[in-house]
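Visitor: Hi! Could you walk me through this protein? I'm new to this, so plain words please.

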Amino acid sequence: MTARNGEPAPESDATGARPEREAAAGVGPPYAPAAAGAAESDTVATLVRQWRAVHPELDTGPMEVIGRINRCAALLQQAEDAPLRRAGLSRPEFDLLGALRRTGHELTPGELARETFSSGAAVTKRLKQLTERGLVERRGDTRDRRVAHLRLTDAGRDLVDGILPEQLAYETAVLSVLAPGGQGELASLLAELLSRLEGRTGPLRA
């Protein structure tokens, strides 16, 4: 392994980690270190180096994955929220409208809670605001008055359809830094992880 100036790399990097030796000894991540470049200079790489300095005996590999997923999600959400703010919507409110639009049929508050991974109380509060704005309308169940069926109004549907293309255009621009094959590989890996987390392929094991 060589440094960027062509000289042999030192036995350990600036973090004190020794990837090859640690892997052989069973310490540290059992995979090759990330390639030089962005993966070594992002904010997560900095915190990983700091943790390695404090606890060099610990495998910080999971931080490099989970930390980057969380950081990417936060940055993407900040940018995507711009069109929502212009429309006077919060992201949780848009998620409710989006669930009603993409499913294409009425949903009960309980079904909306499951679709948006929200609590029943939070959904009730958001539905009240969206109903008052004329974006959602409710219909009582003919057999059980305690049950409400919710659907988008024309204004709600138009709002969702107007915002969605702008969000997708932003996401396309963000992902353009990855080759098409890389996008597909990343999508597959994330799908596998999400499936595990959702319990669809068996319980997670510590």
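Guide: Happy to! Let's begin with a term: helices (H or I, at least four residues) and strands (E, at least two) are DSSP runs, numbered from the N terminus. This is a predicted model, where local features need pLDDT of at least 70 and side-chain atom pairs count only at pLDDT 80 or more, while totals for chains, interfaces and linings use all residues. Residues are numbered from 1 along each chain as its sequence is written, and side-chain values use heavy atoms, with hydrogens and water left out.

Visitor: Thanks. Where is Gly-120?

Guide: Gly-120 sits in helix α7. In space, its C-alpha is 6.5 Å from that of Gly-110, and the two are 10 residues apart in sequence.

Visitor: Is Gly-120 buried or exposed?

Guide: Gly-120 counts as partly exposed, because its relative accessibility is 44%. Buried means under 20% relative accessible area, exposed over 50%, and partly exposed in between (1.4 Å probe, protein chains only).

Visitor: And how many helices and strands does the chain have?

Guide: There are 9 helices and 2 strands. Along the sequence they follow the pattern α-α-α-α-α-α-α-β-β-α-α. Of the 206 residues in the chain, 24% are buried.

Visitor: Back to α7. At what angle do α6 and α7 pack?

Guide: Their angle is about 110 degrees, and the axes are 9 Å apart. That makes α6 roughly perpendicular to α7. Axes here are lines fitted to C-alpha atoms, for helices over the stretch in contact, and angles run from 0 to 180 degrees between N-to-C directions. Angles under 35 degrees count as roughly parallel, over 145 as roughly antiparallel, 65 to 115 as roughly perpendicular and the rest as oblique.

Visitor: Which residues meet there?

Guide: From α6, Pro-109, Leu-112, Ala-113 and Thr-116 meet Gly-120, Val-123 and Leu-127 of α7. Contact means heavy atoms within 4.5 Å. The residues of this contact divide into 5 nonpolar, 2 polar and no charged. For those classes, Ala, Val, Leu, Ile, Met, Phe, Trp, Tyr, Cys and Pro count as nonpolar, Asp, Glu, Lys and Arg as charged, and the others, Gly among them, as polar.

Visitor: What's in the loop between α6 and α7?

Guide: Phe-117 lies in that loop. It has a positive phi of about 55 degrees although it is not a glycine. Phe-117 is exposed, with a relative accessible area of 72%.

Visitor: What about α5, how many residues does it have?

Guide: Helix α5 covers residues 91–103, which is 13 residues, and reaches 18 Å from its first C-alpha to its last. That is close to the 18 Å expected at 1.5 Å a residue; the expected span is 1.5 Å times one less than the number of residues. Just after α5, Gly-104 takes a positive phi of about 75 degrees.

Visitor: Which residues of α5 are buried, and what covers them?

Guide: The buried ones are Arg-91, Glu-93, Phe-94, Leu-96, Leu-97, Gly-98, Ala-99 and Leu-100. Their cover includes α4, α6, α7, β1, β2 and α8.

Visitor: How do α5 and α6 pack?

Guide: They pack at about 105 degrees, with axes 10 Å apart. The two helices are therefore roughly perpendicular to each other. The residues of their contact divide into 4 nonpolar, 2 polar and 3 charged.
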